[in-house]
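Colleague: I would like a close look at one part of this model, the place where the two chains meet. Please take me through it step by step.

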Amino acid sequence: MSGPLIEAKDISVKIGDRRILDHIELAINAKEIVTVVGPNGSGKSTLLRTLIGAIKPDRGKIRRKPELKIGYVPQKLHIDPTLPMTVRRFLNLPRKHDQSTIDLALQRAGIPGRAGDAMSALSGGQFQRALMARALLDTPDLLMLDEAAQGLDQTGVADFYKQIEDIRNQLGCGVLMVSHDLHVVMRAADRVICLNQHICCQGHPEVVTTDPAYRALFGTDTDEVLALFRHDPHQHPHHETESETDEKETST
Amino acid sequence: MLDDFMVRAALAGIGVMIAAAPLGCFVVWRRMAFFGAATAHAAVLGVAISLAMSISVFVGVLVVCLAMAIIVTLLAGRGYAMDTLLGVLAHAALAIGLVAVSFLTHIRIDLMAYLFGDILAVGRTDIGVIWAGSLLVLSMMIWRWQATLLATVSEDLAHAAGYRPFRDELLLTISLAIVIAVAIKVVGVLLITAMLIIPAATARAFSSTPERMAVSAGLIGSIAVFAGLAGSWHLDTPAGASIVTAATVLFALVNIAARLKP
């Protein structure tokens, strides 16, 4: 693969007088699962919305690979009850797809055979999967998910991330997702970006979780995440001393 | 056949409906009902300006409605809630329009005709203007249907698909101004919003897709036009108001039928 799918060059975003994103440098490659984590209000959703072009950055550039197909799953979607919409019609928006393509996308997203249902009749989890199916229709080069596991129960969330890995393996697409679901995210991601207006740190999940900037944001929660992430604790004997010094560093 | 005023009235009413149906659906889906009403109120000011400047009422109303829509768009999100803003502008435009009309002492105009419409008085030229305007709006709606529908569901999804939702919103606003300008003679300022909303709301009860709802709204609106004109003829009631009443009866019947269905 030549070059990244999408690249953010020093972007800054202001909404009103509030600075939401500050000097963001970011690149997503094909076949890579990148997860953005950060506290509430850290600009995670804004970052995704800026990358799809819904928000204009007041500084910096976004470079997309030519003909880049983006599948976007928004954080939440409200379809007005006065707007009748079947799953099939929703998937055919804005372009019509043949039945087999729709069936495949529904199956990949985990709600096979639901094409004829009204969107309003779906449960929260099914609705989220319908959004996912729509994002998968055109076999995207880049899949962007904003808190896509919302409304799913614990096992549902784990399945969901497993499914995203499968999709990545099947389609060879890049995945950029936003989540505060640290536990599961850490296992599914190739790279974690820790965001709090600016990018605090990024890298392999294991590296990021030991980063002082990450610990400053997520505090004590991290040891638990680390334990979950590390399948073999013997490989990492420095774990505890490391975390202690990190916490001292960040508190000063 | 066009010599018969009832035939002309029916043609004018259906002419308005073919554009009002799909547009009305968007007004309902996007919760723009009050916006539509505000723009329609501004039409009175348009009538006054047209008469004062001796230009076509169609042009005057179109310009004022567009100006109104642009002012609302520009003022939106600057401190006042949308409905407050529309409330101020709608009544201001209506009141200023009425004041302006009172200055036109040299012309006697029947303001009632513009407030409630006078569908029985439409001439051949009016029918031409109505159908031209309506077909223009209808073709714009069909041309941008998918993009506008996607933007209505979610602006972010529209952006991600490579569209610019703002343009489609602008197109809707312009379409609304055109429909109001052509419909003012038929149903009048106060009833235009009714013909946008009631047929669309009625169609919702039995439609499973947006397209079916738009087509059904057109059929329901047309039935209301025929029924209203017939009622007006037999009962000697005002035609515009009778059409809206007929549409309301259909709305009630369809919703009752939907409830009774097991």
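What follows is a walk through the contact between the chains, with a few spots on either side of it.

Modeller: Keep in mind that this is a predicted model. Start with chain A as a whole. Its secondary structure comes to ten helices and nine strands. The chain has 252 residues, and 51% of them are buried. About 11,800 Å² of chain A is exposed, with 48% of that supplied by carbon and sulfur atoms. Now take contacts between residues at least 6 apart in sequence. In chain A, 67% of these join residues at least 24 apart.

Next, the interface. The size of an interface is often given as the accessible area lost when the parts come together. Here chain A and chain B bury about 2,100 Å² between them. Carbon and sulfur atoms account for 59% of that buried area. Chain A brings 24 residues to the contact, and chain B brings 23.

Polar links also cross the interface. Eight residue pairs are in polar contact there, with both residues at pLDDT 80 or more. Three elements of chain A each supply at least two residues of the side that touches chain B: helix H1 (44–52), strand E5 (70–73) and helix H2 (87–91). That side of chain A divides into 14 nonpolar, five polar and five charged residues.

Now the charged pairs. Side chains of opposite charge can pair when their charged atoms come close. The rule finds three salt bridges across the interface of chain A and chain B. Over all chains, the whole structure has twelve. One of the bridges across the interface joins the side chains of A:Asp80 and B:Arg31, at 2.5 Å from N to O.

B:Glu211 and A:Arg89 form another salt bridge, with their closest N and O atoms 2.6 Å apart. B:Glu211 lies in helix H11 of chain B and A:Arg89 in helix H2 of chain A, so this pair joins two chains. The partners differ in cover. A:Arg89 is buried because its relative accessible area is 10%, under the 20% cut-off. B:Glu211 has 26%, so B:Glu211 is partly exposed.

Look next at B:Thr209. B:Thr209 sits in the loop between helix H10 (189–204) and helix H11 (210–235) of chain B. Leaving aside neighbours within four places in sequence, B:Thr209 is in contact with A:Pro84 and A:Thr86. Its relative accessibility is 12%, so B:Thr209 counts as buried.

For comparison, here are two places where the listed partners belong to chain B. B:His41 is in helix H2 (residues 33–53) of chain B. B:His41 counts as buried because its relative accessibility is 15%. A polar atom of the B:His41 side chain lies 2.6 Å from the backbone oxygen of B:Ala37. Beyond four places in sequence, B:His41 is in contact with B:Ala90, B:Ala93, B:Leu94, B:Val189 and B:Leu190.

B:Met68 is in helix H3 (residues 57–75) of chain B. At 7% relative accessibility, B:Met68 also counts as buried. Its contacts beyond four places in sequence include B:Ala38, B:Ala42 and B:Ala90. B:Met68 and B:Ala90 are 22 residues apart in sequence, and their C-alpha atoms are 8.8 Å apart. B:Ala90 is thus a contact of B:Met68 and of B:His41.

Last, a salt bridge within chain A. The side chains of A:Arg114 and A:Asp117 meet at 2.7 Å, N to O. A:Arg114 counts as partly exposed, at 29% relative accessibility. A:Asp117 is partly exposed too, at 25%.

Conventions:
Residues are numbered from 1 along each chain as its sequence is written. Chains are lettered from A and ligands numbered from 1 in the order in which they are written. This is a predicted model: local features need pLDDT of at least 70, side-chain atom pairs count only at pLDDT 80 or more; totals for chains, interfaces and linings use all residues. Side-chain values use heavy atoms; hydrogens and water are left out. Helices (H or I, at least four residues) and strands (E, at least two) are DSSP runs, numbered from the N terminus. Buried means under 20% relative accessible area, exposed over 50%, partly exposed in between (1.4 Å probe, protein chains only). Contact means heavy atoms within 4.5 Å. Accessible areas come from the Shrake-Rupley method with a 1.4 Å probe; for residues, only the protein chains shown count as cover. Buried area is the accessible area (1.4 Å probe) that two parts lose on being put together, summed over both. A salt bridge is a side-chain nitrogen of Lys or Arg within 4 Å of a carboxyl oxygen of Asp or Glu. A polar contact is a pair of N or O atoms within 3.5 Å; within protein, one must be able to donate a hydrogen and the other to accept it, and residues adjacent in sequence count only if both atoms are side-chain atoms. Ala, Val, Leu, Ile, Met, Phe, Trp, Tyr, Cys and Pro count as nonpolar, Asp, Glu, Lys and Arg as charged, and the others, Gly among them, as polar.
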